[in-house]
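Let's take a walk through this protein, starting with the overall picture and ending among its aromatic rings. Have the sequence and the 3D view ready.

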Amino acid sequence: MKNIIFVASEGVPFVKTGGLADVIGSLPKNIDPEYYDVRVILPKYVCMSQPMKALLTYKTHFMMDFNSKNEYVGILECELDHVKYYFIDNEGYFGGALPYGTDGLFEIKKFAFFSKAALSILPVIDFKPDIIHCHDWQTGLIPVYLGERFQANTFFHGIKTVMTIHNLKFQGKWDIKEVQKITDLPQYFFTPDKLELFKDANLLKGGLVYSSAITTVSKTYADEIKTDYYGEQLNGLLNARSNDLRGILNGIDYDEFNPETDDHIPFKYNARNFRKEKHRNKHALQKELSLKQDEKMMMIGIVSRLTDQKGFDLIAHVMDELLNDQIQLVILGTGEEKYENMFRHYAWKYSDKVSANLYYSEALSHKIYAACDAFLMPSLFEPCGLSQLMSLRYGTLPIVRETGGLKDTVEPYNEIYSTGTGFSFLNYNAHEVLTTVRFAERIYYDKKREWNKMIDRAMAANFSWQMSALKYQEMYDWLIS
């Protein structure tokens, strides 16, 4: 039996702000329990929901030297889907109204405490991992601490670490003097070959330097982050460690996202009967959202944070041209005010064609995946992306830019060979978006048999967590051996 422990700042179903939580909620339970004992360490946030807190039981507590103080470290535990979870309790650090705050220095302090506590609890819970799997900058100090003060304890000898980058943009940067004081690391750790980057301390960089292996969430993103354009000033280091860097795609939960059993959608369907049943979801959504009820009109969905990263500046340039076509557009999400206002304006201007739902609803997101014909994701960069995986699962063909996980998961339609599961364009250019959407429209309206064959291929694609888990298991075995 090989022992693996995940350490992360969030995880479904306990606390979620983004895609990281879905990974932590899904990957551990899909790793083969016959060969791997996988456990998870999370912070015990005060803002966790009451039903989640009710699942936790107190195990023990101890005092830990941190930031020149003696700090309380409580340990709570629970088991869910055959995975054991441990929660680190300290209300001084984890007591906010939200998991993450806006005070950058306090966030550094909070996750430095969490990283040290995560290592310190291992002998207390009597679990020696072969591998500690760290996620994002919040756990970047774990490989650093493990290679420094924890080596004095023989319990920690031989433990390997994996650092997974979910989004390279977020790195945990702050002034070196402050970070040195908080972490109590010797001065020689704050040099360009270790934690220092352009005169700041950088916690993610520390994790990347000291970890045994590095992963990110798609093969293309692993290549992209080695370039100046996507590398966020860490591309030099990532190139130096390219032999230890691999891209492993995230998955989605095929039980939760299943049009055959989905309780959020009014009409269930599968890969065999979608030709008869899928369009009924479109009619129901048109009625619910007060759009023109026309099952033959092409409906395009967007479920997203409304930010520049997601390509909404491109969409803004071509909205009027796009809405002169025979399409309907359904948007769900919140984000930057300029994009929220843009969609409000177009929902007013084209009230029978555009529905702008500027909030988040799990139920409505499922209805959009099931009802729409196509799904638009023209992202500037996308480490993995989950929405395109969900749309493929529901037979809603993605229209994406060829970047990161979008490139790895959506095969562009080839009219000559009749292959592909969606549509894609290469350059970050508004008129390429428009040209690609119009190409999709032409196939939808003029070549319906080809469109339906594409849906067959999209629904047959397998991006479940089981596939991802096998790749992680390969990496764990390679590291341990």
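What follows goes from the whole chain down to a few ring pairs.

First, keep in mind that this is a predicted model. The chain contains 18 helices and 18 strands, so both kinds of element will turn up as you scroll around, going by the DSSP runs used to assign them. Along its principal axes, the C-alpha trace spans about 70 × 45 × 40 Å.

How does the chain's radius of gyration fit with a compact globule? For 481 residues, such a globule would come out near 23 Å, and the chain has 24 Å, which agrees. Buried residues account for 58% of the 481 residues. The contacts tell you about sequence distance: taking those between residues at least 6 apart in sequence, 72% join residues at least 24 apart.

Now for the outside. About 19,700 Å² of the chain is exposed, and carbon and sulfur atoms supply 50% of that area. As for charge, there are 54 positive and 62 negative side chains. The centres of these two sets lie 2 Å apart.

On to the rings. The structure holds 32 aromatic pairs. A good one to pull up is Phe66 with Phe113: their ring centres are 5.6 Å apart and their planes sit at 70°, which makes the pair edge-to-face, because the cut-off for that label is over 60 degrees. Where do the two partners come from? Phe66 belongs to strand β3 (residues 57–66) and Phe113 to helix α4 (residues 104–124), so this pair ties together parts that are 47 residues apart in sequence. Phe66 is buried, at 2% relative accessible area, and Phe113 counts as buried too, with 0% relative accessibility.

For another geometry, look at Tyr85 and Phe87. Their ring centres lie 6.5 Å apart with the planes at 25°, so this pair is stacked. Are these rings' residues buried or exposed? Tyr85 counts as buried at 4% relative accessibility, and Phe87 is buried with a relative accessible area of 0%.

Finally, go back to Phe66 and Phe113 and look around them. Ring pairs link both residues into a cluster that also includes Tyr45, Tyr93, Phe94, Tyr100, Phe106, Phe111, Phe114 and Trp137. Try selecting these residues together in your viewer, and you'll have the edge-to-face pair of Phe66 and Phe113 in view along with the cluster it belongs to.

Notes:
Residues numbered from 1 in each chain as written. Predicted model: local features only at pLDDT ≥ 70, side-chain atom pairs only at ≥ 80, totals over all residues. Heavy atoms only, no water. Helix = DSSP H or I, 4+ residues; strand = E, 2+ residues; numbered from the N terminus. Rg over C-alpha atoms; globule rule 2.2 N^0.38 Å. Buried < 20%, exposed > 50% of the residue type's maximum accessible area, 1.4 Å probe, protein only. Contact = heavy atoms within 4.5 Å. Areas by Shrake-Rupley, 256 points an atom, 1.4 Å probe, with all protein chains shown as cover. Lys, Arg positive; Asp, Glu negative; His and termini not counted. Charge placed at Lys NZ, Arg CZ, Asp CG, Glu CD. Phe/Tyr/Trp six-rings, centres within 6.5 Å; stacked < 30°, edge-to-face > 60°.
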